[in-house]
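User: I'm new to this one. Could you walk me through it?

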Amino acid sequence: MCEGRRLKKRKTSIKKNTLNPSYNEALVFDIPQDSMEHVSITLAVMDYDCIGHNEVIGMCRVGNDADTPGRDHWAEMLANPRKPIEHWHQLVEEKTLNSYINKNPPARDKPSIIVESVHSD
């Protein structure tokens with residue numbers, strides 16, 4: 001987010017009828033090299049519903065301003081450009097992540113990227 005607005009959003013495919021979805025998809029973002037230190041990615045895993053609203057199952061954040069696992073993953077990605085770097089991230093409740101972000105608001109020139117992974121039961 002930058003000054004309260006989302007800059008980019010990507011969605012994975014929907015995985016239906018599974019409680020353990022597996023995603024083998026690459027999400028690519030073009031980010032200028034001089035902005036890499038100021039960008040973060042928020043991942044939201046959602047339960048897809050045909051009727052009603054999709055429900056957020058959990059979220060995680062990757063970037064310089066993330067908690068340790070997300071910050072470490074980001075540092076490894078920056079150290080290995082153009083190489084896929086995989087890490088497992090524990091999901092937290094949406095309100096927990098939002099509370100963390102509100103306590104540590106990004107600077108005005110600090111954009112973030114939102115990525116949503118959608119699956120269905």
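Here are a few questions and answers about this predicted model.

User: In what order do the elements of the protein chain run from the N terminus on?
Analyst: Happy to start there! The protein chain has 2 helices and 4 strands. From the N terminus on, their order is β-β-β-α-α-β.

User: Is His73 buried or exposed?
Analyst: Let's place the residue before judging it. His73 sits in helix H1, which covers residues 68-79. Its relative accessibility is 8%, and the cut-off for buried is under 20%. His73 therefore counts as buried.

User: Which side chain does the side chain of His73 join in a polar contact of 2.7 Å?
Analyst: A good way in is to look at what His73 touches. Leaving out residues up to four places away in sequence, His73 touches Val62, Ile85, Glu86, His87 and His89. From that list, the polar contact of 2.7 Å between side chains is with His89.

User: Which residues make up the largest nonpolar core?
Analyst: As background, nonpolar side chains in soluble globular proteins tend to be buried together. Here the largest nonpolar core has 5 residues. They are Met36, Val39, Ile41, Val62 and Trp74.

User: Which residues does Met36 touch, not counting those up to four places away in sequence?
Analyst: Met36 belongs to the largest nonpolar core, as does Trp74. Trp74 is also one of the residues that Met36 touches. The full list is Ile31, Asn64, Trp74 and Leu78.

User: What share of the accessible surface of the protein chain belongs to carbon and sulfur atoms?
Analyst: The protein chain has 121 residues, of which 30% count as buried. Its accessible surface comes to about 8,500 Å². The share belonging to carbon and sulfur atoms is 49%.

Key:
Residues numbered from 1 in each chain as written. Predicted model: local features only at pLDDT ≥ 70, side-chain atom pairs only at ≥ 80, totals over all residues. Heavy atoms only, no water. Buried < 20%, exposed > 50% of the residue type's maximum accessible area, 1.4 Å probe, protein only. Polar contact = N/O pair within 3.5 Å; in protein donor to acceptor, adjacent residues only side chain to side chain. Contact = heavy atoms within 4.5 Å. Core = buried A, V, L, I, M, F, W, Y, C linked by side-chain atoms within 4.5 Å. Areas by Shrake-Rupley, 256 points an atom, 1.4 Å probe, with all protein chains shown as cover.
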